[in-house]
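Q: I should like to learn how to read the features of a structural model one at a time. Please begin with the way a helix is covered by its surroundings.

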Amino acid sequence: MIIVVSFLIVLMLIGAIAASIFRDLISAVIAAALVSLIAAILFYFLQAPDVAMAEASIGAALTAAIFIIAVRRTKRYEE
Amino acid sequence: MSFLNSYIYYIGAFGLILVGFYIILVKHNLIKVIVGLGILDTGVNLFLISVGYITKGTAPIFSRPGIDSEYMVDPVPQALVLTAIVIGVAVLALALSLAIRLYQHYGTLNLRKIREQRW
Amino acid sequence: MRRAVTIILLIILALGISRSLAKIPFGAHKTKVGKYYINEGIEETGATNIVTSVVLNYRGFDTLGEITVLFIAAIGLGAVLTTNVKGETRKIQPASLVLYTGCRLLFPLILVFGTYIFIHGHLTPGGGFQGGAIIASGFLLIYLGCRERRINRVASNLIESLGGLTFVLIGLLGLVFGSYFLLNFLPKGTANTLLSAGIIPIIYIAIGFKVGSELTSIIDNLIEES
C-alpha cells in the first residue's frame with residue numbers, strides 16, 4: 001500500500017513540475033489534469049469518496065476542457 | 001520507513017503547494033499562472049483531507065448497520081473541501097475569461113509586454 | 001534576479017510550512033465536532049451519508065453562500081465575455097461519424113447517471129455538486145460531437161434561478177414552521193431508504209439542477225465564437 005501511494009505521489013509531483021516546464025500550453029494543461037486525476041485517487045485512499053468523485057469530474061474533466069477552450073481562443077505557445 | 005508511512009501525504013501536498021507558488025511567481029504567461037493557481041488549489045485540498053484521516057479508518061457513511069463509528073474519518077474537512085473544489089472551478093473560469101479579454105485587447109498574454117504597453 | 005529572489009522566498013516558505021506540518025500528527029483523532037456529527041448525525045438529520053448531513057444540515061447556510069459565489073462567478077463570466085460586435089460566423093468543421101454517433105449514444109446515459117448521483121446523495125457517496133458536474137460534462141460531450149448544436153439560454157437561466165429559489169424558499173419555510181433558517185421540518189423517515197432525511201434530498205436535487213445548468217452556461221459562454 002505505502003509503495004503504491006509513494007509511486008502515485010512521485011508521479012503527481014512529476015506532473016506538476018512538467019506543467020511548469022512545458023512551453024506548449026496544451027501539454028501543460030494535460031499535465032495539470034494528470035495532477036488532478038492522481039489527487040482524486042489519493043482522496044479515495046484517504047476514505048473520502050465524495051471528494052474523490054467531485055475532484056475526478058470537476059478537476060480532471062471540466063477544468064481541463066475549460067483551459068483547452070481558453071488556449072484555443074488565445075495563443076498556443078508560451079513566448 | 002515509518003517516517004514515510006506517516007508523512008507521505010503531507011509531502012505530496014507540500015510539494016504541490018511549492019510548485020504552484022513557483023509557477024505563480026516566476027512565469028510570465030497569464031494562462032500558465034492560472035494553471036499554477038489550479039495546482040496550488042489541489043495541494044491545499046489534499047492537505048486538508050489528509051489532516052482529517054484516521055489510521056485504519058472508514059468513510060463516514062453508514063451504508064449498512066453495524067459499522068463501528070469509532071474508526072470513521074472526520075467528515076468536516078471533507079465537507080469543506082467538497083465546496084472548495086466547486087468554487088475553485090468557478091474562479092478559474094472567471095480568471096480565464098479575463099485572460100481571453102486581455103488577449104483580445106493587447107494581442108499578447110505576456111505580462112511584461114502588457115505592462116510596457118500601458119493601454 | 002527575479003528567479004533567485006523567488007527561490008529564496010520559497011525556501012523560507014518551505015521551512016515555515018514543514019516546521020508547522022511536523023507538529024500535526026497523521027492519522028490521529030483531532031476534532032470533537034466531527035465525533036459529535038458521526039455519533040448523532042443519523043438521529044438528528046436522518047441522512048446516512050454524514051458528509052451530506054454536514055453540508056446541508058449543520059452547515060447549510062455555508063452552502064447557500066457557496067452557491068451564491070458560483071452564481072456571481074457565472075454572471076461575471078457572462079458580463080466579461082459578452083460583446084456588442086457580432087462575430088462573423090466561421091465555417092464549422094463537422095465532427096467525424098464515430099465521434100458524432102458515440103456522443104449521441106452516450107449523452108442520455110450520462111444524464112441518467114448524473115441524476116442517480118444527486119437523487120441518492122443522502123445515502124451513497126455523491127450529491128448535487130458531483131451530479132451537476134457529471135451532467136455538465138455530458139453537455140460538453142454534445143458540444144464536441146454535434147458542433148452546431150447550442151443550448152437554450154432562456155431555459156438554462158430559468159432552471160438555474162428555480163434551483164436557487166427552491167433552496168431559499170425551503171430555508172424560509174423553516175422559519176415559518178419552527179425557529180430558524182433551514183430547519184429540517186419534514187419527517188425524517190427510516191434511515192437507509194430513498195424517502196428519508198426530510199428536506200435534504202429536495203435541496204440536493206435543486207443544487208444538482210443549479211450546478212449543472214451553471215457549469216453548462218459557463219462552457220457555453222467560453223466556447224461561443226471560438
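A: Helix 3 of chain C is a suitable case; helices here are DSSP runs (H or I, at least four residues), numbered from the N terminus, and strands are runs of E of at least two residues. The buried residues of helix 3 of chain C are covered by parts that include helix 3 of chain A, helix 3 of chain B, and helix 2 (32-45), helix 4 (60-81), helix 6 (128-145) and helix 8 (200-223) of chain C. The model is predicted: local features need pLDDT of at least 70, and side-chain atom pairs count only at pLDDT 80 or more, while totals for chains, interfaces and linings use all residues. Residues are numbered from 1 along each chain as its sequence is written, chains are lettered from A and ligands numbered from 1 in the order in which they are written, and side-chain values use heavy atoms, with hydrogens and water left out.

Q: How many residues of helix 3 of chain C are buried, and which are they?

A: Buried means under 20% relative accessible area, exposed over 50%, and partly exposed in between (1.4 Å probe, protein chains only). Helix 3 of chain C spans residues 50-58, and seven of its nine residues are buried. These are C:I50, C:V51, C:T52, C:S53, C:V54, C:V55 and C:L56.

Q: What is found at the start of helix 3 of chain C?

A: The term to know is the polar contact, a pair of N or O atoms within 3.5 Å; within protein, one must be able to donate a hydrogen and the other to accept it, and residues adjacent in sequence count only if both atoms are side-chain atoms. At the start of helix 3 of chain C, the backbone nitrogen of C:V51 has a side-chain oxygen of C:N49 within 3.2 Å.

Q: What is the overall form of chain C?

A: Chain C has eight helices and zero strands. Its radius of gyration, taken over C-alpha atoms, is 22 Å, whereas a compact globule of 226 residues would have one near 17 Å; the globule rule is 2.2 Å times the number of residues to the power 0.38. Along the principal axes, the C-alpha atoms of chain C fill a box of roughly 60 × 60 × 35 Å. Of the 226 residues in chain C, 43% count as buried.

Q: How is the size of an interface expressed?

A: It is often given as the accessible area lost when the parts come together. Here, buried area is the accessible area (1.4 Å probe) that two parts lose on being put together, summed over both. For chain B and chain C this is about 4400 Å², with 73% of it on carbon and sulfur atoms. Contact means heavy atoms within 4.5 Å, and this one takes 46 residues from chain B and 51 residues from chain C.

Q: Which polar and charged pairs should be counted between chain B and chain C?

A: A salt bridge is a side-chain nitrogen of Lys or Arg within 4 Å of a carboxyl oxygen of Asp or Glu. Between chain B and chain C there are zero salt bridges, but five residue pairs are in polar contact (both at pLDDT 80 or more). On the side of chain B that touches chain C, helix 1 (2-26), helix 2 (30-51) and helix 3 (75-106) of chain B each supply at least two residues. Helix 3 of chain B provides the largest share, 16 residues.

Q: What does the contact between chain A and chain B comprise?

A: It takes 41 residues from chain A and 47 residues from chain B, and the area buried is about 3900 Å², of which carbon and sulfur atoms give 77%. In chain A, the residues that lose the most area to chain B are A:L46, A:Q47 and A:F67, together 17% of what that side buries. The count of salt bridges between chain A and chain B is zero.

Q: Is B:K27 buried or exposed?

A: B:K27 counts as buried because its relative accessibility is 15%. B:K27 sits in the loop between helix 1 and helix 2 of chain B. A polar atom of its side chain lies 2.9 Å from the backbone oxygen of A:S20.

Q: What is to be read from the sign of phi?

A: Most residues other than glycine have a negative phi. A:Q47, although not a glycine, has a positive phi of about 65°, and B:K56, also not a glycine, has a positive phi of about 55°. A:Q47 is in the loop between helix 2 and helix 3 of chain A and is partly exposed, at 24% relative accessibility. B:K56 is in the loop between helix 2 and helix 3 of chain B and is exposed, with a relative accessible area of 72%.
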